[in-house]
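Please keep the structure open while you go through this note. The points are short, and each one asks you to look at one spot.

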Amino acid sequence: MATTPLTPTLSVQLYTVRDQLAADLDGTLARLAAMGLTNVEAFDFVSRAPELAESFRANGLVARTGHATMLSDEIRVGDDVFPVASQDEVFAAAKTLGLEIVIDAFVAPERWLDEEAVADTAARLNRAAERAADHGLRVGYHNHTQEFAASFGGRSAFEVFADQLDESVALEVDLFWAATAKQDVVGLLGRLGERVQALHVKDGIIGPDPFVGETGPHDAQDLDQRPAGQGEVPLLDYLAAAPSARFAIIEFDTYPGDIFAAVNESVDFLTARGIR
């Protein structure tokens with residue numbers, strides 16, 4: 001029997017407005033809600049879950065997905081090393097926010113170049129899924145480009161990874177990054193199937209890979225990301241190729257202009273096509 005396509009719920013990744021959130025949490029969320037958004041995707045929520053939950057309620061917003069580190073022992077930014085919260089802390093904060101799926105958003109590029117390292121990352125996520133289930137939660141993974149840099153047996157590391165995941169584990173496919181990695185995104189989504197529960201609906205001009213490759217890494221300011229429908233990414237084709245996706249999540253990693261205007265243009269583009 002053919003799968004009946006879902007109409008995914010429209011959301012926005014709050015990393016998009018990270019600077020604005022730091023300056024004015026309530027005001028920023030109020031501006032997003034005024035665009036007609038009722039869903040957001042949380043980030044950096046573990047240390048501030050009660051504050052976020054209160055502001056979400058005050059502005060009529062809910063978060064069903066959120067990003068948190070679960071698969072790395074530490075976070076490195078240049079020469080700086082930052083500790084990560086325990087999984088129990090992550091899941092307790094997720095419950096405070098009312099999340100359903102906690103998504104790890106980044107595993108370092110070098111861990112995708114070796115098949116054993118890929119298997120280890122999958123095993124870590126499966127163990128996290130077991131612990132999350134004790135809290136009534138699911139876990140997932142969000143791609144950038146490094147997951148496609150290596151192939152094993154003619155298949156990308158990302159797909160090899162996906163095949164080793166427990167069936168409860170979700171995937172959140174970032175359409176812009178998959179396209180930047182020169183993937184056949186429609187084919188990829190078809191092969192991943194019902195595991196794809198969320199999409200980062202991100203548009204722009206496809207340029208050099210900022211994470212891996214002979215020309216990388218690049219500064220984020222080199223990215224040319226644009227409101228949905230104004231770039232080179234065939235978002236509607238990709239959305240149609242992921243009929244099981246529950247969430248269509250707007251995100252900008254960087255944007256040179258008015259970020260609220262850019263989000264609003266993306267909202268208008270997607271709501272005009274029935275995604276709300």
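1. **An exposed arginine and its partner.** This is a predicted model. Start at Arg191, which is exposed because its relative accessible area is 51%, and the cut-off for exposed is over 50%. The side chain of Arg191 meets that of Glu159 in a salt bridge, with N to O at 2.8 Å. The pair links distant parts of the chain. Glu159 sits in helix 6 (residues 157–163), Arg191 in helix 8 (residues 185–192), and their positions lie 32 residues apart in the count. Is Glu159 buried or exposed? Glu159 counts as buried, at 8% relative accessibility. One partner is therefore buried, while the other is exposed.

2. **A buried lysine.** Next, find Lys202. Lys202 forms a salt bridge with Asp253, and their closest N and O atoms are 2.6 Å apart. Where do the two residues lie? Lys202 is in the loop between strand 11 (196–201) and strand 12 (203–205). Asp253 is in the loop between strand 14 (247–250) and helix 10. The pair therefore ties together parts that are 51 residues apart in sequence. Lys202 is buried, with a relative accessible area of 1%. Asp253 counts as buried too, at 13% relative accessibility.

3. **A network.** The bridge between Lys202 and Asp253 does not stand alone: Asp174, Lys202, Glu251 and Asp253 are linked in a network of salt bridges. The structure holds 12 salt bridges.

4. **A pair of partly exposed residues.** Arg226 and Asp224 also form a salt bridge, the closest N and O atoms being 2.9 Å apart. Arg226 counts as partly exposed, at 32% relative accessibility. Asp224 is partly exposed as well, with a relative accessible area of 31%. Now look from Arg226 to Gly257. Their C-alpha atoms are separated by 9.8 Å, and the two residues are 31 residues apart along the chain. Gly257 is found in the loop between strand 14 and helix 10. Gly257 is partly exposed, with a relative accessible area of 43%.

5. **One face of helix 2.** Which residues of helix 2 (residues 25–34) are buried? They are Leu25, Thr28, Leu29 and Leu32. Seen down the axis of helix 2, these buried residues fall within an arc of 95°, so they line one face of the helix. The spacing fits a general rule. An α-helix has 3.6 residues a turn, so residues three or four places apart point the same way. What does the buried face pack against? The buried residues of helix 2 pack against strand 1 (9–12), helix 1 (18–23), helix 3 (49–58) and helix 10 (259–271).

6. **The two ends of helix 2.** Check the start of helix 2. There, a side-chain oxygen of Asp24 reaches to within 2.9 Å of the backbone nitrogen of Gly27. Then check what comes after. Helix 2 is followed by Gly36, whose phi is positive, near 95°.

7. **Strand 7 and its neighbours.** In strand 7 (residues 138–142), 4 of the 5 residues are buried, so strand 7 is largely enclosed by the rest of the structure. Which way does strand 7 pair with strand 6 (residues 101–104), and over how many bridges? They pair in the parallel sense over 4 bridges. Asp104 stands opposite Tyr141 in strand 7. Strand 7 also pairs with strand 10 (residues 170–174), in the parallel sense over 3 bridges. Here His142 stands opposite Glu172 in strand 10.

8. **Helix 5 between two strands.** Strand 6, helix 5 (residues 115–133) and strand 7 make a right-handed β-α-β unit. Two residues of helix 5 deserve a look. Thr121 is found in helix 5 and is buried, with a relative accessible area of 1%. Leaving out residues up to four places away in sequence, Thr121 touches Leu71, Val107, Arg111, Trp112 and Phe161. Ala123 also has its place in helix 5, but counts as partly exposed, at 28% relative accessibility. The C-alpha atoms of Ala123 and Gln164 are separated by 7.7 Å, although these residues are 41 residues apart along the chain.

Note on methods. Residues are numbered from 1 along each chain as its sequence is written. This is a predicted model: local features need pLDDT of at least 70, side-chain atom pairs count only at pLDDT 80 or more; totals for chains, interfaces and linings use all residues. Side-chain values use heavy atoms; hydrogens and water are left out. Buried means under 20% relative accessible area, exposed over 50%, partly exposed in between (1.4 Å probe, protein chains only). The arc is that of the directions from the helix axis to the C-beta atoms. Contact means heavy atoms within 4.5 Å. A polar contact is a pair of N or O atoms within 3.5 Å; within protein, one must be able to donate a hydrogen and the other to accept it, and residues adjacent in sequence count only if both atoms are side-chain atoms. Two strands pair if DSSP finds at least two bridges between them. A crossover is right-handed if, with the strands pointing away from the viewer, the path from the first strand over the helix to the second runs clockwise. A salt bridge is a side-chain nitrogen of Lys or Arg within 4 Å of a carboxyl oxygen of Asp or Glu.
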